[in-house]
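Reader: I'd love a close look at the pocket side of this protein before I go back to the bench. Could you walk me through the main pocket, and then show me what surrounds that part of the fold?

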Amino acid sequence: MFEFLSQTFNASVLAVTQLFLSTVVSSNPWFEQLDIQYFGVKKQIVCNTRLTESFTESLDNVLLSGKSITLHFKFDLMSTDSPNPIQSTEVINGLRYDSEQETFFLVNSVNPKVDRFFSIEEARSNYVSVQNLVVASTEDLGGEQEYFLRVTAFLDPVKMDDMGESVNLMLRWASIKPSIMSDKFRIEATST
């Protein structure tokens with residue numbers, strides 16, 4: 001009887017240990033910067049932003065498997081008078097590693113050009129950044145109203161070869177969509 005209890009206890013300890021070892025190490029990414037520029041002549045708002053603390057060893061392992069991981073950046077132009085976005089823009093960055101070429105390929109939904117990187121650090125840095133993106137047109141916006149920009153980011157799930165179900169990559173980010181809001185601003189009237 002004692003031997004049976006001892007085996008049951010050892011099996012339980014082993015199961016709990018494996019459960020803890022298999023847990024996903026997550027990070028808590030946040031937006032390091034949010035730069036907004038207003039171009040009155042072109043009637044555009046242009047944005048630069050960047051995530052930080054967004055990669056963990058487990059996310060690197062998914063990337064190095066050769067699967068494409070996609071990151072969405074959603075830009076909502078908001079008015080202080082309404083809870084709904086006035087305009088929305090989304091850019092999707094896709095990053096994939098080719099082990100035969102030892103190259104990282106980065107594409108985004110705005111620019112059809114494929115960027116190549118030979119180090120994981122450089123690939124990551126570009127993957128979590130958006131540069132000079134036109135996020136809104138100011139043609140129909142009034143100068144008396146206050147506006148702000150809200151930016152959120154999230155990862156798509158990915159299907160791994162050795163798993164039956166898709167892997168929720170947001171678990172690597174503690175299941176939280178990083179978000180940032182700009183300061184309030186007004187659109188200046190331009191003289192014609």
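Author: Happy to! The largest pocket holds about 310 Å³ of space, and please keep in mind that this is a predicted model. Its lining is made up of 16 residues. If you want to find the centre of the largest pocket on your screen, look for Asn93, Asn108, Ser129, Val130 and Gln131, which lie nearest to it.

Which strands supply the lining? At least two residues each come from strand E4 (87-98), strand E5 (103-108) and strand E7 (129-137). Of these, E7 gives the most, with six residues. As for chemistry, the lining of the largest pocket counts seven nonpolar residues, seven polar ones and two charged ones.

There is also a second largest pocket, with a volume of about 160 Å³. Ten residues line it, and Val62, Met160, Met163, Val167 and Arg172 are the closest to its centre. Here the lining divides into six nonpolar, two polar and two charged residues.

Now back to E7, since this strand has a second role to show you. It belongs to an open sheet of three strands, in the order E1-E2-E7, with antiparallel pairing. Strand E1 (30-39) and E7 are the edge strands and have a single partner each, so one side of each is left without a neighbour in the sheet. From one strand to the next, the twist averages 20°. Between E1 and strand E2 (residues 44-52), which run antiparallel, there are nine bridges. One bridge you can pick out is that of Leu34, whose partner in E2 is Thr49.

Next, have a look at helix H3, which covers residues 120-127. Which of its residues are buried? They are Ile120, Ala123 and Tyr127. These three sit on the same side of H3, because they cover an arc of only 65° around the axis. The spacing fits a familiar rule: an α-helix has 3.6 residues a turn, so residues three or four places apart point the same way.

One last stop is Phe75, in strand E3 (residues 69-79). Is Phe75 buried or exposed? It counts as buried, because its relative accessibility is 0%, and the cut-off for buried is under 20%. Try locating Met181 as well: Phe75 and Met181 are 106 residues apart in sequence, while their C-alpha atoms are 9.7 Å apart in space.

Note on methods: Residues numbered from 1 in each chain as written. Predicted model: local features only at pLDDT ≥ 70, side-chain atom pairs only at ≥ 80, totals over all residues. Heavy atoms only, no water. 1 Å grid on protein atoms, 1.4 Å probe; cavity = no way out; pocket = protein on both sides within 12 Å on 5 of 7 lines; lining within 4 Å. Points joined across faces, edges and corners; volume = space filled by probe spheres on them. Helix = DSSP H or I, 4+ residues; strand = E, 2+ residues; numbered from the N terminus. Nonpolar A, V, L, I, M, F, W, Y, C, P; charged D, E, K, R; others polar. Buried < 20%, exposed > 50% of the residue type's maximum accessible area, 1.4 Å probe, protein only. Arc of directions from axis to C-beta. Pairing = 2+ DSSP bridges. Axes fitted to C-alpha atoms, helices over the stretch in contact; angles between N-to-C directions.
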